[in-house]
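Please open the model in a viewer and keep the selection panel at hand. The tour proceeds by selections, each followed by a description of what is there.

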Amino acid sequence: MASFKPSIMLNPIDGSHCASGEVHVIIGPMFAGKTTALLRRIRSEGNNGRSVAMIKSSKDTRYAIDSVETHDGIKFPCWALPDLTSFRSKLGDDAYEKLDVIGIDEAQFFEDLYDFCCKAADHDGKTVIVAGLDGDYLRRSFGSVLDVIPLAETVTKLSARCELCGKRAFFTLRKTGEKQTELIGGADVYMPVCRQHYVNVNVNGQVVIEAARSVLESHKIQRTNPSLRQIQLFNGCI
Ligand SMILES: Nc1ncnc2c1ncn2[C@@H]1O[C@H](COP(=O)(O)OP(=O)(O)O)[C@@H](O)[C@H]1O
Ligand SMILES: Cc1cn([C@H]2C[C@H](O)[C@@H](COP(=O)(O)O)O2)c(=O)[nH]c1=O
């Protein structure tokens with residue numbers, strides 16, 4: 001049965017009117033298109049006349065500091081902040097009140113993600129769209145991204161393409177030996193992989209990482225020679 005959701009609700013405490021916010025979460029490994037999906041959604045909200053703002057973590061120094069950028073170079077201006085709590089004071093109360101939609105990229109880096117989403121959606125009537133990694137390179141829960149799922153109306157898990165076989169990739173493999181959870185990087189440090197290749201590479205360690213690297217090198221050649229790709233996919237991989 002179709003349901004009608006009013007955009008203005010009565011506050012159950014004092015009967016005053018309060019706007020109804022929403023939380024939407026986009027998760028997946030690196031290169032899955034999380035930032036692309038977030039930008040598409042923010043642009044579409046903006047085109048529909050809603051006032052939008054984008055926030056990313058200032059820890060992410062990979063691209064321009066004042067814009068969110070996808071791995072294939074699509075950009076959108078943003079606030080690069082160390083935490084979300086400072087957003088309202090940076091923007092100013094008046095501008096914050098006029099905002100309808102807030103996009104948050106690299107959400108795994110914000111420790112105050114849960115409290116921010118709760119306040120922005122429940123009390124301030126904002127639509128908050130959160131994009132981030134659900135898991136780190138060891139497939140452990142990353143930051144507070146999974147904590148906001150109980151607050152969300154929708155959760156979208158995206159997949160990338162396994163760099164080693166082309167199947168759907170749900171995990172991010174770190175190609176270097178660094179052990180700290182937070183390590184900013186792109187394709188130089190990480191690659192998306194399927195379960196089979198995540199497990200094989202991690203179980204067999206460095207030796208297989210070297211083998212994976214050589215497959216990766218041959219993938220670069222494939223891009224210029226598509227017939228080689230056919231042969232490689234047909235033969236299977238490590
Ligand atoms: N292995 C891969 N699988 C899927 N997309 C990839 C891969 N490697 C590079 N890309 C590129 O990354 C883009 C997605 O970038 P982006 O939206 O920034 O992803 P995310 O925010 O999830 O890391 C794709 O459109 C594609 O051009
Ligand atoms: C897996 C993993 C990733 N990171 C970092 C690497 C990048 O700077 C971002 C993810 O960016 P994307 O937009 O999702 O491509 O997170 C990390 O610090 N630790 C990890 O385990």
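The stops below visit the two ligands in turn, in a model that is predicted.

**First stop: ligand 1**

Select ligand 1 and display the residues around it. The shell holds 15 residues, of which Phe31, Lys34, Thr35, Thr36 and His71 come nearest. Colouring this shell by class gives six nonpolar, five polar and four charged residues.

Next, show the backbone of Phe31 and Gly33. A backbone N or O atom of Phe31 is found 2.8 Å from an oxygen atom of ligand 1. At Gly33, a polar backbone atom lies 2.9 Å from an oxygen atom of the ligand. Now add the side chain of Asp72, where an N or O atom is 3.0 Å from an oxygen atom of ligand 1. A surface view puts these contacts in context: ligand 1 exposes 580 Å² when taken alone, and the protein buries 75% of that.

Keep the surface on and look at the space that ligand 1 takes, which is the largest pocket. Then switch to a cartoon and select helix H1 (34–47) and strand S11 (160–161), the elements that give two or more residues to the shell around ligand 1. Which element gives the most to this shell? Helix H1 does, with three residues.

Colour domain 1 (8–158) and domain 2 (160–238) separately. Ligand 1 lies between the two domains, because both of them give residues to its shell.

**Second stop: ligand 2**

Move the selection to ligand 2 and display its surroundings. Here 19 residues surround the ligand, and the closest are His71, Glu106, Tyr137, Thr181 and Leu183. By class, the shell comprises eight nonpolar, five polar and six charged residues.

Select Leu183 and show its backbone: a polar atom there is 2.7 Å from an oxygen atom of ligand 2. Gly185 also offers a polar backbone atom, at 3.3 Å from an oxygen atom of the ligand. For a side-chain contact, turn to Gln108, which has an N or O atom 3.4 Å from an oxygen atom of ligand 2. How much of the accessible area that ligand 2 has on its own does the protein cover? The protein covers 98% of the 490 Å².

With the surface displayed again, inspect the space taken by ligand 2, which is the largest pocket.

Finally, return to the colouring by domain. Domain 1 (8–158) and domain 2 (160–238) both contribute residues to the shell around ligand 2, so this ligand lies between them.

Definitions and conventions:
Residues are numbered from 1 along each chain as its sequence is written. Chains are lettered from A and ligands numbered from 1 in the order in which they are written. This is a predicted model: local features need pLDDT of at least 70, side-chain atom pairs count only at pLDDT 80 or more; totals for chains, interfaces and linings use all residues. Side-chain values use heavy atoms; hydrogens and water are left out. A residue is near a molecule or strand if one of its heavy atoms lies within 4 Å of it. A polar contact is a pair of N or O atoms within 3.5 Å; within protein, one must be able to donate a hydrogen and the other to accept it, and residues adjacent in sequence count only if both atoms are side-chain atoms. Accessible areas come from the Shrake-Rupley method with a 1.4 Å probe; for residues, only the protein chains shown count as cover. On a 1 Å grid over the protein atoms alone, a cavity is a set of points where a 1.4 Å probe fits but cannot get out, and a pocket is an open set with protein on both sides within 12 Å along at least five of seven lines; lining residues have an atom within 4 Å of a point. A molecule sits in a cavity or pocket if more than half of its atoms lie within 2 Å of its grid points. Helices (H or I, at least four residues) and strands (E, at least two) are DSSP runs, numbered from the N terminus. Ala, Val, Leu, Ile, Met, Phe, Trp, Tyr, Cys and Pro count as nonpolar, Asp, Glu, Lys and Arg as charged, and the others, Gly among them, as polar. Domain bounds come from an automatic or database domain assignment.
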